[in-house]
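Please examine the structure shown here before reading further. The paragraphs that follow lead from one buried residue outward to its surroundings, and then to the packing of helices.

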Amino acid sequence: MAGTEGKTSAEDGVGFRKTGTPDYAESPLHPRRKSRRIMVGPVPVGGGAPISVQSMTNTPTVDVNATLRQIGELAQAGCDIVRVAVPSQDDADALPELVRRSPLPVIADIHFQSKYVFQAIDAGCAAVRVNPGNIRKFDEVGPSICKAATDAGISLRIGVNAGSLDKDMYAKYGGPTPEALVASALKEAHMFEDVGFHDFKISVKHHDPVTTVQTYRLLASKGDWPLHLGVTEAGPAWQGTIKSCLAFGALLAEGIGDTIRVSLSAPPVEEVKVGCKILEYLGLRKRHFDIISCPSCGRSQVDVIALAQAVTEGLKGITAPIRVAVMGCIVNGPGEAREADLGVASGNGKGQIFIKGKVIKTVPEDQIVETLLEEAQRIAAQMQSDGDDAAQPVAATGPVVVPITAAHQG
């Protein structure tokens, strides 16, 4: 299949990172919606495939080295597919080298200029994002795009955002309503299907999570296309994360969605972190290290907030499915810590360190973080040595808990 060969990194020879296993294709909450499968390079989308996480670089695509550095960060964070903007001829000209060296399958994001679509296909991109509504004379060039994609064996993404809704649709429905967005998406889908092209996924994004859920529900009822989920223009990290969690949680819990992109006004790697955690907590991706800490309250005998931040920062590189607990008082602390692979319950200026429910030591408060980090690293290394470091489904052992103990002031 075109787009899946010759795309290893020229620098280290590493090929595409493979995505999840069939064990995590089905949600524990609801059967997955039946959809047909397309391929984005080596990554299957739809047809029961594991849900993939996407992001988009924010570097100028023409700056190949900067873009590759960012793609490398995304891959390390767990990203499966990356999209790059192609607004200019220089960006289009950079695609062959970028595709050849990228560790992730590359989707070219193209608007207005249909010639860039053909260049992206020729460059070996794994897929192209095309918005028929803003491609000039799409009625004329659409069939040629479909033929080029078919010949190259690549897929397309089509669909509409609330901000790019066709003027006629906007007038007919009185705005970017779920009905308007779906009608626009169906119009595009039929344009492709009428010329015999079916290798595409659809997105119907809105900035409001409730409208997003309503729109995808409606679209899901109309056909078997694979669906790309997104809340467009979701906002800064804090606000956008909440919106995305609400919309994706509702849809994925109903079995709707085949690939996701969390859109944040934040570094792209933050989008991937949020997307991966959404899938982990819904049982749709293997669980890695997680940290759970209690909320700060008047019972706390430690600075819970500072301690949680210190432990999170210190263990951010661990991917083993370690369950860690950090609690700040004796009410919840001991119970939470005993349920964890590693935990601490503290008070009165000291912390009791637990491993698998057994107290292994008691340390002064100022040594809690250091001790937890040391023990976590040791457990992770042992798991790797034993071959038990594969991430686990959330439901298998529960979340990773870090209860927070008596005051860490550092």
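**A guided reading of the model**

His228 has a relative accessibility of 0% and therefore counts as buried. The model in which this residue is seen is a predicted one. His228 lies in strand β9, which covers residues 228-229. Leaving aside residues up to four places away in sequence, His228 is in contact with Gln54, Arg157, Lys201, Ile202, Ser203, Lys205, Tyr216, Thr259, Ile260 and Arg261.

One of these contacts, Lys201, deserves attention in its own right. Lys201 belongs to strand β8, formed by residues 200-205. Although 27 residues separate Lys201 from His228 along the chain, their C-alpha atoms are 6.5 Å apart. Is Lys201 buried or exposed? Its relative accessible area is 0%, and Lys201 is therefore buried. Beyond its neighbours up to four places away in sequence, Lys201 touches Ile38, Val40, Val45, Gln54, Ile107, Leu156, Arg157, Ile158, Pro226, His228 and Thr259. Gln54 and Arg157 appear in this list, and both are also touched by His228.

Pro226, a contact of Lys201, is likewise touched by Gly46. Gly46 is found in the loop that joins β2 (43-45) to β3 (52-56). With 0% relative accessibility, Gly46 counts as buried, because the limit for that class is under 20%. Besides Pro226, the contacts of Gly46 outside its sequence neighbourhood of four places are Ser35, Arg36, Arg37 and Asp258. The C-alpha atom of Gly46 is 9.1 Å from that of Arg33, a residue 13 places away along the chain.

These residues may now be set within the whole protein. It has 410 residues, of which 56% are buried, and it contains 13 helices and 15 strands. Of the contacts between residues at least 6 apart in sequence, 69% link residues at least 24 apart. The exposed area amounts to about 17200 Å², with carbon and sulfur atoms supplying 52% of it.

The helices offer a further view of the packing. Two packed helices are described by the angle between their axes and the distance between the axes. For helix α3 (residues 114-123) and helix α4 (residues 138-152), the axes come within 10 Å and cross at roughly 5°. Because of this angle, α3 is roughly parallel to α4. On the α3 side the contact involves Ser114, Val117, Phe118 and Ile121, and on the α4 side Val141, Ser144, Ile145, Ala148, Ala149 and Ala152. Eight of the residues in this contact are nonpolar, two are polar and none is charged.

How are helix α6 (residues 178-193) and helix α7 (residues 209-220) arranged, and at what angle do they pack? The angle is about 45°, and their axes are 9 Å apart. The two helices, α6 and α7, are therefore oblique to each other, and α6 passes α7 in a right-handed crossing. From α6, the residues Pro178, Glu179, Leu181, Val182, Ala185 and Leu186 take part, meeting Thr211, Gln214, Thr215, Leu218 and Leu219 of α7. This contact of α6 with α7 comprises seven nonpolar residues, three polar and one charged.

Helix α10 (residues 304-314) completes the tour. Its buried residues include Val304, Ala306, Leu307, Ala308 and Val311. Among the elements covering the buried residues of α10 are β11 (290-293), β12 (323-327) and α12 (368-386).

Technical notes. Residues are numbered from 1 along each chain as its sequence is written. This is a predicted model: local features need pLDDT of at least 70, side-chain atom pairs count only at pLDDT 80 or more; totals for chains, interfaces and linings use all residues. Side-chain values use heavy atoms; hydrogens and water are left out. Axes are lines fitted to C-alpha atoms, for helices over the stretch in contact, and angles run from 0 to 180 degrees between N-to-C directions. Helices (H or I, at least four residues) and strands (E, at least two) are DSSP runs, numbered from the N terminus. Angles under 35 degrees count as roughly parallel, over 145 as roughly antiparallel, 65 to 115 as roughly perpendicular and the rest as oblique. A crossing is left-handed if the near helix is turned anticlockwise from the far one by less than a right angle, and right-handed if clockwise. Contact means heavy atoms within 4.5 Å. Ala, Val, Leu, Ile, Met, Phe, Trp, Tyr, Cys and Pro count as nonpolar, Asp, Glu, Lys and Arg as charged, and the others, Gly among them, as polar. Buried means under 20% relative accessible area, exposed over 50%, partly exposed in between (1.4 Å probe, protein chains only). Accessible areas come from the Shrake-Rupley method with a 1.4 Å probe; for residues, only the protein chains shown count as cover.
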